[in-house]
Amino acid sequence: MPITFDHVTYSYPSSCEPALRDISFTIEDGEFLGIIGHTGSGKSTLIQHINGLLLPSKGSVLVDGMDIASNRVARRDTRRKVGLVFQYPEYQLFADTVKADVGFGPRNLGLGEEEIITRVRQALARVGLSYEECAEKSPFDFSGGQRRRIALAGILAMQPSVLVLDEPMAGLDPRGRENIMRFICSLHEEGMTIVMVSHNMEDVAVHATRVITLKKGEILMQGTPREVFSHPKELRDVGLGVPLATAFATELNECGFALPAGIFTLEELADAVAAELGGVVS
Amino acid sequence: MGNLILGQYCPGTSVVHRTDPRIKLFLVIFYLALVFVAPGFSGLAVVTAFTCLIIFFAKIPFRTILNSIKPLLFIVIITALINLFFVHSGEAVVDWMFFTITTGSIYMAIFLSWRLALLLFGMSLLTLTTSPIDLTDGAEHLMRPFERIGFPAHEFAMMMGIALRFLPVFMDEAAKIKKAQEARGADFESGNFITRGKSIIPILVPLFVSAFRHADELAMAMESRCYHGGVGRTRMHVLAIKNHDYAAIAVFAVALACLIVMRVVGL
């Protein structure tokens, strides 16, 4: 189910400056698309177009070749297939039990009671929570990290084929971040299309298969992480950076090293430096 | 919900913005008097002209003001409709089944909704040109005499200020939560009255939760800066009445005088 943005421009009713300007790209099946950009560059506006929460002022968003602005059926279908996880999703929990909250989406899909329970069970298991233990508890009795996982389960229970996440790791401790990141990667490995907005360059560089950089509502760069992060100067100009290891490798190269491009993690950096100095590569 | 800016401050440096908040609050009461003293359409026309003058001096785009009262426009419309159908005086214009519209009811409908619209404009002008901090400052000063009989003027003003300050925040948050639930397939547009009422729960509960969270955080932040209520609290900006404040009072007094004369003469 490829999702194509065709020259999408969007302005909020209250402002004359468009929040998105002439955006064109395609989300291919099974890819992991990272979206990076400075605060206010239009990332959140962009992802709300993916499932038709916002409709373009100009241009169109095509899902399976159908324009979701003009086609109501296609829009409803898209809402089902595209799971959108907003920033701090735990703030949207509302029901008195975890079961009811996670089941909210499936119920809105009009599924039967048994199917809902099955899906809630699966979704909770997927995020590492036990149905027996938490189904009847209030979602507000859990810790922040657990609440986020419950909120994620609420989206997964709708069984989307595309998962869009807006800063899924914001405000979590390192272990929570790692858990969520690993979880997202495993979803991707199972074939789910992932679109992730992030401020963390390392996460995007390591996990994404493709990166889009936004600047004031326009696409500044898009390509593989290797391509995008080989332009540290341009990235710095729009208030972004490159992964720490990449920055270090660049500086080493300026001092006479000849490290290859596309170093994103400490391990890769260590291996490259070791190889350069004729040492042992692990 | 995105364009609801009722009670939202629109920053500026105009004369109206700079007028002392105490005076402005006082003048708003004055303005209410203007609207209620105004006799008939001619009087309301004078008040309308006067309101336009203030808007001109406040240098606020007319659209902004219109947007700010839009959510309350339904009250104006309901007022007009009730008067249109339930006032029976003068000649009947329409008499169909149990709907009777008379010349008197048309007059009352226009007169009262016009009056109400002017009141809304006045209130909206106050909040658009006065920052919440100024507003609470002014209110606190005006309520100070009541402290003698044990009324907590400062605390009351602080609560009012916080409420005003957080109104736009909650508007934003409600819009965000609504979108999040829509992404989970919630439908807020269709269904009858009851299903629609129920569909609001997924928005209201998170909104309340976040209100309590904000309250907790704010209380903590205030306490960590040693806030302990109004006793012995000094202020950084001491309010002082300047020449343009006197001028504003004079202008309002002239307007009120005009209207009283109009009323007495019977224009």
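Colleague: How do the residues of the lining of the largest cavity divide into nonpolar, polar and charged?

Modeller: In this predicted model, 5 of them are nonpolar, none is polar and 2 are charged.

Colleague: What makes two of these lining residues charged?

Modeller: The lining consists of A:Glu90, A:Tyr91, A:Leu93, A:Phe140, B:Pro206, B:Val209 and B:Arg213. Glu and Arg count as charged, so A:Glu90 and B:Arg213 make up that group. Tyr, Leu, Phe, Pro and Val count as nonpolar, so the others fall there.

Colleague: Why is this space called a cavity, and what is its volume?

Modeller: It is called a cavity because a 1.4 Å probe fits there but cannot get out. Its volume is about 30 Å³. The count of cavities of 30 Å³ or more comes to 1.

Colleague: Why is the second largest pocket not called a cavity?

Modeller: A pocket is an open set of points, so the word cavity does not apply to it. The volume of the second largest pocket is about 1,000 Å³.

Colleague: Which residues and helices line the second largest pocket?

Modeller: Its lining has 34 residues, with B:Ile133, B:Asp134, B:Thr136, B:Asp137 and B:Arg235 nearest the centre. In chain B, helices H1, H7, H8, H10 and H11 each supply at least two residues. H8(B) gives the largest share, 7 residues. By class, the lining has 15 nonpolar, 8 polar and 11 charged residues.

Colleague: How do you know whether H7(B) and H8(B) are roughly parallel or roughly antiparallel?

Modeller: Their axes come within 9 Å and cross at roughly 155 degrees. An angle over 145 degrees counts as roughly antiparallel, so H7(B) is roughly antiparallel to H8(B). The crossing of the two helices is right-handed.

Colleague: Which residues make the contact of H7(B) with H8(B)?

Modeller: From H7(B) come B:Pro132, B:Leu135, B:Thr136, B:Ala139, B:Glu140 and B:Met143. They meet B:Ala153, B:His154, B:Phe156, B:Ala157, B:Met160, B:Gly161 and B:Leu164 of H8(B). The residues of this contact divide into 9 nonpolar, 3 polar and 1 charged. B:Glu140 is the charged one, because Glu counts as charged. B:Gly161 belongs with the polar ones, because Gly counts as polar here.

Colleague: How many helices and strands does chain B have, and in what pattern?

Modeller: Chain B has 11 helices and 2 strands. Along the sequence the pattern is α-α-α-α-α-β-β-α-α-α-α-α-α. The C-alpha trace of chain B spans about 70 × 60 × 40 Å along its principal axes.

Conventions:
Residues numbered from 1 in each chain as written. Chains lettered and ligands numbered in written order. Predicted model: local features only at pLDDT ≥ 70, side-chain atom pairs only at ≥ 80, totals over all residues. Heavy atoms only, no water. 1 Å grid on protein atoms, 1.4 Å probe; cavity = no way out; pocket = protein on both sides within 12 Å on 5 of 7 lines; lining within 4 Å. Points joined across faces, edges and corners; volume = space filled by probe spheres on them. Helix = DSSP H or I, 4+ residues; strand = E, 2+ residues; numbered from the N terminus. Axes fitted to C-alpha atoms, helices over the stretch in contact; angles between N-to-C directions. Parallel < 35°, antiparallel > 145°, perpendicular 65-115°, else oblique. Left-handed = near helix turned anticlockwise from the far one by under 90°. Contact = heavy atoms within 4.5 Å.
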